[in-house]
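I sat down with this model today and kept a short record of what I looked up. Here are my notes, in the order I made them.

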Amino acid sequence: MLKFVAAAVAALGVFATPAFADSYPTRPITLVVPFSAGGPTDTVSRLVAEAMGKDLGQQIVIENVGGAGGTLGAGRVAKSDADGYTLLLHHIGMATSVPLYRKLPYDTLKAFEYVGLVTEVPMTIVGRGSLEPTDLKGLIDYVKTNKDSVTYANAGVGSASHLCGLLFMSRIETPLTTVPYKGAGPAMTDLVGGQVDFICDQTTNTTSQIRGGKIKAYAATVKERLASLPDIPTAAEAGLDDFNLTVWHGLYAPKGTSPEIVAKLSAALKKALKDPNVVKRFADLGTTPSTEAEATPEALKAKLEAEIERWTPVIKAAGVYAD
């Protein structure tokens, strides 16, 4: 009799998951953004969340859990219930945190289910409006001459701007005074205000300021000029070869989230990335949505693994750690 009851309970469990997935979601979903409000990843997240919410029939609420290079927010999701109601939208820092943090509170490759890639954002090297140099070569010369007084802003350890700064200083063989902020938004505010000299950050955070003439643009960190900022030369055109860096963003769920729910989320992501408003707003911000082939669990998993492999030797060689 006990065996029969146990078998019946097990059978109910088997059939419960698809039924639950069919009705999912029945309440609002929390999307954790591991950076401050107003920054580039926050901007991308809010656009995608709104469009996905329409398709899923439930609101997706943004929760900004900043700090520790995005690891606090990622850790929050890693410990959450695997029911599809707590998600994570993280950028390249998901990969670089592996070598940057020697004691992560979670196993990056084992603590999450993959939903899909969202976008890959170019970066720009920009300076305060009153900065003397007018081109990248002049900026490099100026930085080398004034290395003891020049300030480079970043959005915190492990942020995209931090990584870009490490590469820049390595390429020009000149260490600089770095000023870390609690997010890209505050860093940009001080750059516009002239409190810091320059930064390398995502187009989602710099495009409107460049177009508004509030900051100087020196180069884009991509192989071809940006359609949204065609007058800005690539780093290679401006004299800094092999300086290519983009910031990819991915959507994750806690490990153990059912395949049916992950598939539903991935399908909603694909639709959201084709939403006319998302496409237009992404274009305004200097980026494009991931393709349908990229907005898949398989593509995000492959990207994360490849980026961990790419950045681990770079960060270890620099001897930079966040803990």
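**Entry 1: the largest pocket.** I started with the open spaces, keeping in mind that this is a predicted model. The largest pocket holds about 330 Å³ of space. I then listed its lining and got 17 residues, with Glu-120, Pro-122, Gly-286, Thr-287 and Thr-288 closest to the centre. Two elements each give two or more residues to this lining, strand S4 (112-128) and helix H10 (276-284). Which element gives the most to the lining of the largest pocket? I found that S4 does, with 4 residues. Sorted by class, the lining of the largest pocket has 8 nonpolar, 6 polar and 3 charged residues.

**Entry 2: the second largest pocket.** Next I turned to the second largest pocket, with about 230 Å³ of space. Its lining comes to 16 residues, and those closest to the centre are Gly-67, Ala-68, Gly-69, Ala-155 and Lys-182. By class I noted 8 nonpolar, 7 polar and 1 charged residues in this lining.

**Entry 3: closed space.** Then I looked for spaces that a probe cannot leave. How many cavities of 30 Å³ or more are there? The count comes to 1 cavity. I read about 100 Å³ of space for the largest cavity. It is lined by 13 residues, and Pro-40, His-91, Ala-155, Ala-184 and Gln-202 lie nearest its centre. Helix H2 (40-56), helix H6 (160-172) and strand S7 (198-202) are the elements that give two or more residues to this lining. By class the cavity lining has 5 nonpolar, 7 polar and 1 charged residues. I put a mark beside Ala-155, since the name turns up among the residues nearest the centre of the cavity and among those closest to the centre of the second largest pocket.

**Entry 4: the disulfide.** H6 and S7 came up again when I searched the whole structure for disulfides and found 1. Cys-164 is joined to Cys-200, with 2.0 Å from S to S. The link of Cys-164 and Cys-200 is right-handed, with 60° about the S-S bond. Why does the pair tie together parts that are apart in sequence? Cys-164 lies in helix H6 and Cys-200 in strand S7, so the link connects parts 36 residues apart in sequence. I also checked burial, and both Cys-164 and Cys-200 are buried.

**Entry 5: Val-32.** I picked Val-32, which lies in strand S1 (residues 29-33). Is Val-32 buried or exposed? Its relative accessibility is 0%, so Val-32 counts as buried. Leaving aside neighbours within four places in sequence, I listed its contacts: Glu-63, Val-65, Gly-73, Arg-76, Val-77, Thr-86, Leu-87, Leu-88 and Leu-89. I also looked up Val-32 against His-91, a residue of the cavity lining. Val-32 and His-91 are 59 residues apart in sequence and 12 Å apart in space, C-alpha to C-alpha.

**Entry 6: helix H3.** Two of the contacts of Val-32, Gly-73 and Val-77, led me on to helix H3 (residues 71-78). In H3 I found Thr-71, Gly-73, Ala-74, Gly-75 and Val-77 buried. What covers the buried residues of H3? The cover includes S1, strand S3 (86-90), helix H4 (93-100), S4 and S9. S4 was already in my notes as an element of the largest pocket lining.

**Entry 7: Thr-234.** For a loop residue I chose Thr-234, which lies between strand S8 (215-220) and strand S9 (246-254). Thr-234 has 2% relative accessibility, so this loop residue counts as buried. Its contacts, leaving aside neighbours within four places in sequence, are Ala-219, Ala-220, Val-222, Lys-223, Glu-224 and Arg-225.

**Entry 8: the whole chain.** I finished with the overall numbers. The chain comes to 11 helices and 9 strands. Buried residues make up 53% of the 323 residues. Among contacts between residues at least 6 apart in sequence, 79% join residues at least 24 apart. For 323 residues, a compact globule would have a radius of gyration near 20 Å, and the chain's 21 Å agrees with that. Last, I noted that the C-alpha trace spans about 85 × 40 × 30 Å along its principal axes.

Conventions: Residues are numbered from 1 along each chain as its sequence is written. This is a predicted model: local features need pLDDT of at least 70, side-chain atom pairs count only at pLDDT 80 or more; totals for chains, interfaces and linings use all residues. Side-chain values use heavy atoms; hydrogens and water are left out. On a 1 Å grid over the protein atoms alone, a cavity is a set of points where a 1.4 Å probe fits but cannot get out, and a pocket is an open set with protein on both sides within 12 Å along at least five of seven lines; lining residues have an atom within 4 Å of a point. Grid points are joined across faces, edges and corners, and a volume is the space filled by probe spheres set on the points. Ala, Val, Leu, Ile, Met, Phe, Trp, Tyr, Cys and Pro count as nonpolar, Asp, Glu, Lys and Arg as charged, and the others, Gly among them, as polar. A disulfide is a pair of cysteine sulfur atoms within 2.5 Å. Buried means under 20% relative accessible area, exposed over 50%, partly exposed in between (1.4 Å probe, protein chains only). The radius of gyration is taken over C-alpha atoms; the globule rule is 2.2 Å times the number of residues to the power 0.38. Contact means heavy atoms within 4.5 Å.
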